[in-house]
Amino acid sequence: MSLHKARIKAFQDVLEQDVIDIVQLQRLAFNGIPDEKGLRSIVWKILLHYVPHEKNTREATLQKKRQLYQQFIDEIIVTPGGPTDHPLNISPDSSWSTYFKDNEVLLQIDKDVRRLCPEISFFQSATEFPCEKVVNSNGMKRLHKRVEQSMLTYATLERRGLGVSKLSSEIRRSDSVSSGDYAPLNEGCEAHWEVVERMLFLYAKLNPGQSYVQGMNEIIGPIYHTFAIDADKENRQHAEADCFFCFTNLMAEIRDFFIRTLDETESGINYMMGKLSHCLRKNDADVWGRLEAQELRPQYYSFRWLTLLLSQEFSLPDVERIWDSLFADDNRFSFLIYICCAMILLVRDNLLSGDFASNVKLLQNFPPMDVSLILNKAVEISNV
Amino acid sequence: MAKKTYDLLFKLLLIGDSGVGKTCILFRFSDNHFTTTFISTIGIDFKIKTVELRGKKIKLQIWDTAGQERFHTITTSYYRGAMGIMLVYDITNEKTFDDIVKWLRNIDEHANEDVEKMILGNKCDMEEKRVVSKERGEAIAREHGIRFMETSAKANINIDRAFSELAEAILDKTSGREADADHARIAVERRPSRAPPARACCS
């Protein structure tokens, strides 16, 4: 048996256990999950505490969650059918005012999901399993339609002869030029980016304290992609629901990175950047000193690295490989610090000879590199 | 002293609502290309371009910022060191224009008092979708005594011009006080994120 086949077998054996040996699964996943047989999909679901360790409760849990998600869609997207009270109702919790506030959030989400992973065609292509209630609603329930219409409908009065006027209205389409290939698909179809838009909108509605923050699209993207290309048809069919809950669970761990008022707290982004700086100083005082002397602040590069769990720094397959290790680690975010530190150490020679500008550029556009090199280095650092 | 490939270093900042085209403007200027396939900017991005003005080589260090509110703590820390700020809105989007006032307030709060400002109404190639007239753009600029230009990163309209006018305005301010160019250069080298060199050398 080849080494690769043996690895797949090892995963399958663990997944077959009545109660999964989570330590064993973590150890396997830490070294990378094979792309075959939907393994990454199921393992991530377990590591992100979505699928239970007990084999006999798995089906029931999934079923329950998937139903719940349908309920969210019904209640938040399908049924509301628009505001019910008077548009000029000045009460701050009138349904119109909520509708407009929601649309502001939606507009931001809409802009961002149309910019998700442009280097691959996946998000622009049609999903096999569109949300029937949405795509067969004459466009009425499509989220992007909501922001298109509320922003861009206009009417012009044309005068024709004696007192005859004709009101011609036209919907200006926001997508025709600006969004390139991220055009909405026809009635009955739905692109993957539209699915992502729906999940993010539901998340914003269900987590009003946090709502939507730019960058969340980059966190949900790789999870959804992984689930939507699962080898198993039923899993693909429920990729959206499963992804929504896994994303919610992951956000529960990293949401503080996205909240400005928590920047200075122990779970906030400034603290994380401080930890990285400290880690770098400990492991390579020369590089640390060099960056300090150049006043090249950690937030110039590591704000994005840490907030997005490196998802904008590498190609999608590499991001997925890095997340295997990240999700497998109990101290997930300590390991993230080690990975970031490893990245810096691996370009140390360039940093030591480069000036401020070339160093910022280097760190903001990290050179393509074998990720296993980075991960090995990170492990090395973690053992010091 | 290490040999310098430029005479002066100007630090510029691009701000404005999300999706107005800040990254595209910068990419057009630095790489002379346009693409719609940009990911959203998280935190802060960075480009360098050297231009020649009045016989001087000027290195422009341009910081591109994220538009959303959440990132303001990160991005406002760049205001202080900036010598020029471009405020960008999208002529096809009313809200981005209304928010210019908010961005101006941000500058007042966080930037140096004498920072050079310029307002850009971007996407002016999309005439059929325009909702903000050029006159309104000019009016708000006049009201605040700021330069104004309509641009298109896509059709490459006024992009170079915007950057060189802003750079020239900074140069005007600098040159009066620039008694010793070498001195200025040292200041640039040693304190890249503090006060502009001209002020540093004549304080």
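Helices and strands are here DSSP runs, of at least four residues for a helix and at least two for a strand, numbered from the N terminus. On this basis, the secondary structure of chain B in this predicted model comes to eight helices and six strands. Followed along the sequence, these elements of chain B are arranged in the pattern β-α-β-β-α-β-α-α-β-α-β-α-α-α. Chain B has 203 residues, and buried residues account for 58% of them. Among the contacts in chain B with a separation of 6 or more, 73% are between residues 24 or more positions apart.

One salt bridge in chain B illustrates such a link across the sequence. B:D172 and B:R54 form a salt bridge in which the closest N and O atoms are 2.7 Å apart. Because B:D172 lies in helix α6 (residues 159–175) of chain B, whereas B:R54 lies in the loop between β2 (44–53) and β3 (56–65) of chain B, the pair ties together parts that are 118 residues apart in sequence. B:D172 has a relative accessible area of 46%, and is therefore classed as partly exposed.

In chain A, the domain assignment gives two parts, domain 1 (57–255) and domain 2 (263–382). Between these two domains of chain A, 11 residues of domain 1 are in contact with 12 residues of domain 2. Together the two domains of chain A bury about 1000 Å² between them, and 70% of this area is on carbon and sulfur atoms. On the side of domain 1 of chain A, the residues that lose the most area to domain 2 are A:E218, A:P222 and A:E253, which together make up 40% of what that side buries. Across this interface of domain 1 and domain 2 of chain A, the rule finds zero salt bridges, while four residue pairs are found in polar contact. The elements giving two or more residues to the side of domain 1 that touches domain 2 are α9 (216–228) and α11 (239–254) of chain A. Of the elements on this side of domain 1, α9(A) gives the most, with six residues. By class, the residues on the side of domain 1 of chain A that touches domain 2 divide into six nonpolar, three polar and two charged.

The interface between the two chains was examined in a similar way. Here 43 residues of chain A are in contact with 39 residues of chain B, and the two chains bury about 3400 Å² between them, with 53% of it on carbon and sulfur atoms. In chain A, the residues losing the most area to chain B are A:Q214, A:R260 and A:F303, which together contribute 18% of what that side buries. Between chain A and chain B the count is two salt bridges, and one of the contacts that qualify joins the side chains of A:D355 and B:K59, at 4.0 Å from N to O. The count of residue pairs in polar contact between chain A and chain B is nine. The elements that give two or more residues to the side of chain A that touches chain B are α5 (95–113), α9, α12 (269–283), α14 (302–307) and α18 (356–364) of chain A. On that side of chain A, α18(A) gives the most, with five residues, and by class the side has 16 nonpolar, 13 polar and 14 charged residues.

Helix α14 of chain A also holds A:S302. A:S302 counts as buried because its relative accessibility is 0%, and, when residues up to four places away in sequence are not counted, A:S302 touches A:M273 and A:L276.

Side chains of opposite charge can pair when their charged atoms come close. Over all chains, a search of the whole structure finds 34 salt bridges. Two of the pairs in chain A share A:R198, whose side chain meets that of A:E190 at 2.5 Å from N to O and that of A:E240 at 2.8 Å from N to O. The pair of A:R198 and A:E240 links distant parts of the chain, since A:R198 is in helix α8 (residues 192–206) and A:E240 is in helix α11 of chain A, 42 residues apart. A:R198 is classed as buried because its relative accessible area is 3%, and A:E240, at 11% relative accessibility, likewise counts as buried. A:E190 is buried too. Elsewhere in chain A, a network of salt bridges links A:D35, A:R40, A:E320 and A:D324.

Methods
Residues numbered from 1 in each chain as written. Chains lettered and ligands numbered in written order. Predicted model: local features only at pLDDT ≥ 70, side-chain atom pairs only at ≥ 80, totals over all residues. Heavy atoms only, no water. Domains from an automatic or database assignment. Contact = heavy atoms within 4.5 Å. Buried area = accessible area lost by both parts, 1.4 Å probe. Polar contact = N/O pair within 3.5 Å; in protein donor to acceptor, adjacent residues only side chain to side chain. Nonpolar A, V, L, I, M, F, W, Y, C, P; charged D, E, K, R; others polar. Buried < 20%, exposed > 50% of the residue type's maximum accessible area, 1.4 Å probe, protein only.
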